[in-house]
Amino acid sequence: MEARLRAVLKGLTSQPTPQWTVQLQGKRYRIDFAFPDIKLGIEAQGFKWHAGRAQFRYDLRRDRALKSDGWTMLYYAWDDLLRPDSVREEIEAIKISLEHLLF
């Protein structure tokens, strides 16, 4: 699924950094794809890897930690990746908004 997301992201005007690591509160969090300068993270969210009670709790804590550090996180499921143009348009619009806020 991450490979499919990578293929969708290739159509963006600029490329995110894959496998970006963020260190927060003594914990390390890996973001599938990131634009670190504007703190935008993009994740492939598959049921296989994010199912179960323990993983669900971890994902919620991770999301709160990243957001408390100023990250905007976008999560995409397999069905989203079947409409790549829409995903790219959404990411580009959010990138522009964040760039205007920060620069």
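What follows is a short exchange about ring pairs and a helix crossing in a predicted model.

Mentor: In this predicted model, local features need pLDDT of at least 70 and side-chain atom pairs count only at pLDDT 80 or more, while totals for chains, interfaces and linings use all residues. Residues are numbered from 1 along each chain as its sequence is written, and side-chain values use heavy atoms, with hydrogens and water left out.

Trainee: Which kind of aromatic pair do tyrosine 29 and tyrosine 58 form?

Mentor: A search of the whole structure finds one aromatic pair, where rings of Phe, Tyr and Trp (its six-membered ring) pair if their centres lie within 6.5 Å. Planes under 30 degrees apart count as stacked, over 60 as edge-to-face and the rest as tilted. With 6.4 Å centre to centre and 40° between the planes, tyrosine 29 and tyrosine 58 form a pair that is tilted.

Trainee: Is tyrosine 29 buried or exposed?

Mentor: Buried means under 20% relative accessible area, exposed over 50%, and partly exposed in between (1.4 Å probe, protein chains only). Its partner tyrosine 58, at 37%, counts as partly exposed. Tyrosine 29 has a relative accessible area of 5%, so this residue is buried.

Trainee: Which residue lies over the face of tryptophan 78?

Mentor: A charge sits over a ring if NZ of Lys or CZ of Arg is within 6 Å of the ring centre and within 35 degrees of the ring normal. At 5.9 Å from the ring centre of tryptophan 78, the residue over its face is arginine 4.
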